[in-house]
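Reader: I work at the bench and would like to learn how to read enclosed spaces and sheets in a model. Could you take me through them step by step?

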Amino acid sequence: MGIRGLMSFVEDHSNEFFIGLKLRDTKIVIDGYALFHRLCFTSNLELRCGGDYDSFADVVQKFFESLFACNICPYVILDGGCDISDKKLATIKDRAREKIQMAHSLSVGGSGYVCPLLIREVFIQVLIKLQVPFVQCFSEADRDIMTLANHWNCPVLSSDSDFCIFDLKAGFCPLNSFQWRHMNTIKGTRNYIPAKCFSLEAFCHHFSNMNKALLPLFAVLCGNDHINLPIMETFLSKAHLPLGATSSKGRRHHRVLGLLNWLSHFANPTEALDNVLKYLPKKDRENVKELLCCCMEEYQQSQVKLQDFFQCGTYVCPDALNLGLPEWVLVALAKGQLSPFISDALVLKRTILHTQVENMQQPNAHRLSQPIRQIIYGLLLNASPHLEKTSGNALPSRPLAFSEVERMNKNIKTSIVDAVELPKDHSDLSKLTELSLRRRQMLLLETLKVKQTILEPIPAALKLPIAVSCYWLQHTESKAKLHHLQSLLLAMLVGPLITIINSPGKEELQEDGAKMLYEEFQRVKAQTRLGTRLDLDTAHVFCQWQSCLQMGLYLNQLLSTPLPEPDLTRPSAFRTLNEDIWRHTKYGGTSYVPRLYSGSLVHGLCQQLLATTSVESLLSMCPEAKQLYEHLFNATRSYAPAEIFLPKGKSNSKKKRQKKQDTSCSKNRGRTTAHSKCWYEGSNRFGLLMVENLEEHSEASDVE
């Protein structure tokens with residue numbers, strides 16, 4: 001993020017460019033994107049198994065607890081979709097390639113930093129629960145962050161070096177020197193967080209008191225996320241940039257030092273820019289000047305007044321208004337009720353499908369959820385006539401076409417996907433919210449190929465995850481096995497277990513059973529983290545499930561949540577930030593607080609179920625969890641292919657028989673399968689399932 005090499009340069013000169021702070025009793029504007037990445041990558045979280053979202057939620061909660069304890073009022077600003085100009089596309093694609101390489105490294109036991117797929121959704125849910133004010137900008141948030149911080153005269157918290165360029169009244173605090181885990185006290189009574197604040201004045205003083213108005217030109221010449229002109233290498237090679245007194249540290253920042261020293265000789269940006277252009281061919285000068293000036297505008301004040309959003313809920317973004325989007329869409333985007341994925345699809349007719357730690361030799365995990373995305377695209381087709389001019393990626397000959405940037409092997413490719421044409425009453429985005437709840441729910445469930453009656457016994461908060469699981473099971477590409485399904489459903493019990501443990505008035509025996517099962521799950525999770533080798537096929541199956549859940553969430557949000565939005569987080573088992581908050585909101589009390597997915601737990605349960613443990617033995621200690629599991633399993637099993645219930649070895653022999661296509665066997669198939677019964681360990685109650693007359697579900701040759 002930001003300007004290449006600048007952050008490491010200023011950190012190497014920390015004593016010169018930073019001022020120590022004891023931060024307390026203040027507002028602070030937080031770069032949400034930078035924060036959730038920082039917390040994800042510096043908290044010793046498991047990144048290989050698809051995300052321990054419960055552990056991440058705990059870290060986020062503790063971070064904000066530290067701020068509250070110091071009377072620091074946080075305001076979190078999140079990036080939205082890609083800029084309308086799409087000028088960062090090359091940077092986005094480069095980062096996508098880097099993520100693929102890191103995901104591959106993690107998948108084979110190496111190192112790397114890849115955010116789990118639903119990390120942003122989890123982060124937002126924690127902000128809502130802790131009542132932390134936040135806004136999701138329409139596109140990139142940097143300028144809006146700077147403008148709000150200057151309006152309130154408070155510091156910015158980020159890790160983006162662009163904030164070394166912005167003229168911030170109260171300064172910029174880098175996340176890596178923000179010591180929220182090491183709160184201190186003044187005279188034993190007033191808490192503060194030790195931090196460092198970047199001093200723009202000290203920085204400019206170091207370079208011969210250069211005019212700070214030159215810094216935006218420095219940023220675009222050095223190269224940032226918005227610009228990387230090959231022709232600028234011509235200028236850099238000819239200008240003989242002065243390095244000044246170069247130390248060993250300085251040599252690795254050759255370009256940063258040279259540009260800053262060179263620019264310090266000019267009085268203002270106009271003079272400096274004219275001198276830059278002298279080194280370029282005459283035919284290129286006008287175009288380069290226009291592009292550089294346009295990119296320098298990115299460091300000027302924003303027209304968006306976020307203080308209006310935080311004070312009265314009004315979000316006005318000129319770029320968004322010019323597109324003529326429905327009012328309800330703009331409001332939902334600002335409140336984080338719709339994902340940036342939706343705004344990218346709306347504005348650019350192009351989406352980015354983020355790589356997970358999956359099997360790189362298999363088709364990317366997002367393929368499984370493509371039919372859900374095609375419905376989403378269908379709902380967005382006729383949003384506004386103004387969008388026809390902006391969505392340059394759409395093929396003129398294919399008005400239904402959307403493009404998807406996705407992984408192919410260990411690289412990226414752009415695929416063209418057609419939206420599904422929907423009935424007229426579904427294709428007017430401005431009136432989508434006017435459809436009845438029943439019709440919106442019907443569209444969601446039809447997309448997921450699930451009957452509403454199946455979900456009736458399921459707790460409200462788990463209806464969508466179970467519907468998504470039914471969708472996932474129906475796709476043969478998923479290659480899901482029984483132990484995969486069982487592990488997912490068992491992991492969904494953790495939230496209800498916490499509710500039982502924390503609920504008053506429960507019988508002691510029930511509470512003890514819930515606590516024992518919860519502790520067993522925690523033991524399994526901890527054991528998985530201790531260097532267990534990743535089963536790539538299992539990881540890929542769960543990546544497919546997460547992709548289906550993500551797209552199911554986005555479709556549900558676009559349809560104004562006809563099914564309750566599932567809680568991807570949960571409060572800690574034996575402590576909460578504020579008992580009253582949990583007790584008096586829909587997230588607490590006696591309602592379920594499902595923790596849908598913990599990668600370490602799900603992978604660990606898979607290993608145990610494949611070895612010696614059975615679902616029955618695990619759940620025998622907690623009747624309430626056992627009963628809920630039965631409901632979840634019974635809802636999903638009717639959508640699963642019959643072969644996943646076969647005893648081990650049978651499904652393999654089935655595949656061999658299919659390949660042989662032996663005619664003599666086919667004559668006897670009717671006799672061998674007419675009354676065949678396949679018993680899997682257990683009963684209807686938990687997966688000890690009897691499958692009768694398998695020929696109703698699959699070809700007669702499936703069973704001997």
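Author: What follows takes cavities as its topic, then a sheet, and the model in front of you is predicted.

Reader: How should I think about empty space inside a protein, and how many cavities of 30 Å³ or more does the structure hold?

Author: The general idea is that rolling a probe the size of a water molecule over the atoms shows where empty space is left. In this structure there are five cavities of 30 Å³ or more, and the largest cavity has a volume of about 1000 Å³. Of the 46 residues lining the largest cavity, those closest to its centre are Tyr33, Gly80, Lys99, Arg120 and His354.

Reader: Which elements give two or more residues to the lining of the largest cavity, and what is the make-up of that lining by class?

Author: The elements that give two or more residues to this lining are α3 (32-41), α5 (89-107), α6 (119-129), α18 (340-348), β10 (401-408) and α27 (536-558), and the largest share, five residues, comes from α5. By class, the lining of the largest cavity has 20 nonpolar, nine polar and 17 charged residues. At least three lining residues come from each of domain 1 (6-299) and domain 2 (327-385 + 398-574 + 592-635).

Reader: Since β10 appears in that list, how do I read the sheet that contains β10, and which strands are at the edges?

Author: In general, strands of a sheet pair through backbone hydrogen bonds, either parallel or antiparallel. Here three strands form an open sheet in the order β9-β10-β11, with mixed pairing. The edge strands, each pairing on one side only, are β9 (350-352) and β11 (411-418), and neighbouring strands of this sheet are turned by 25° against each other on average, direction ignored.

Reader: Which strands run parallel, and which run antiparallel?

Author: β9 and β10 run parallel and are joined by three bridges, with Arg350 standing opposite Ser403 in β10. β10 and β11, on the other hand, run antiparallel and are joined by eight bridges, and the bridge partner of Arg407 is Ile412 in β11. These two strands form a hairpin with two residues between them, and Asn409 in the turn has a positive phi of about 55°.

Reader: Which strands of the sheet does α5 touch, and where does α18 lie?

Author: α5 packs on the sheet and touches β9, β10 and β11, its direction making about 115° with that of β11. α18 lies across β9 and β10 and runs at about 150° to β9.

Key:
Residues numbered from 1 in each chain as written. Predicted model: local features only at pLDDT ≥ 70, side-chain atom pairs only at ≥ 80, totals over all residues. Heavy atoms only, no water. 1 Å grid on protein atoms, 1.4 Å probe; cavity = no way out; pocket = protein on both sides within 12 Å on 5 of 7 lines; lining within 4 Å. Points joined across faces, edges and corners; volume = space filled by probe spheres on them. Helix = DSSP H or I, 4+ residues; strand = E, 2+ residues; numbered from the N terminus. Nonpolar A, V, L, I, M, F, W, Y, C, P; charged D, E, K, R; others polar. Domains from an automatic or database assignment. Pairing = 2+ DSSP bridges. Axes fitted to C-alpha atoms, helices over the stretch in contact; angles between N-to-C directions. Contact = heavy atoms within 4.5 Å.
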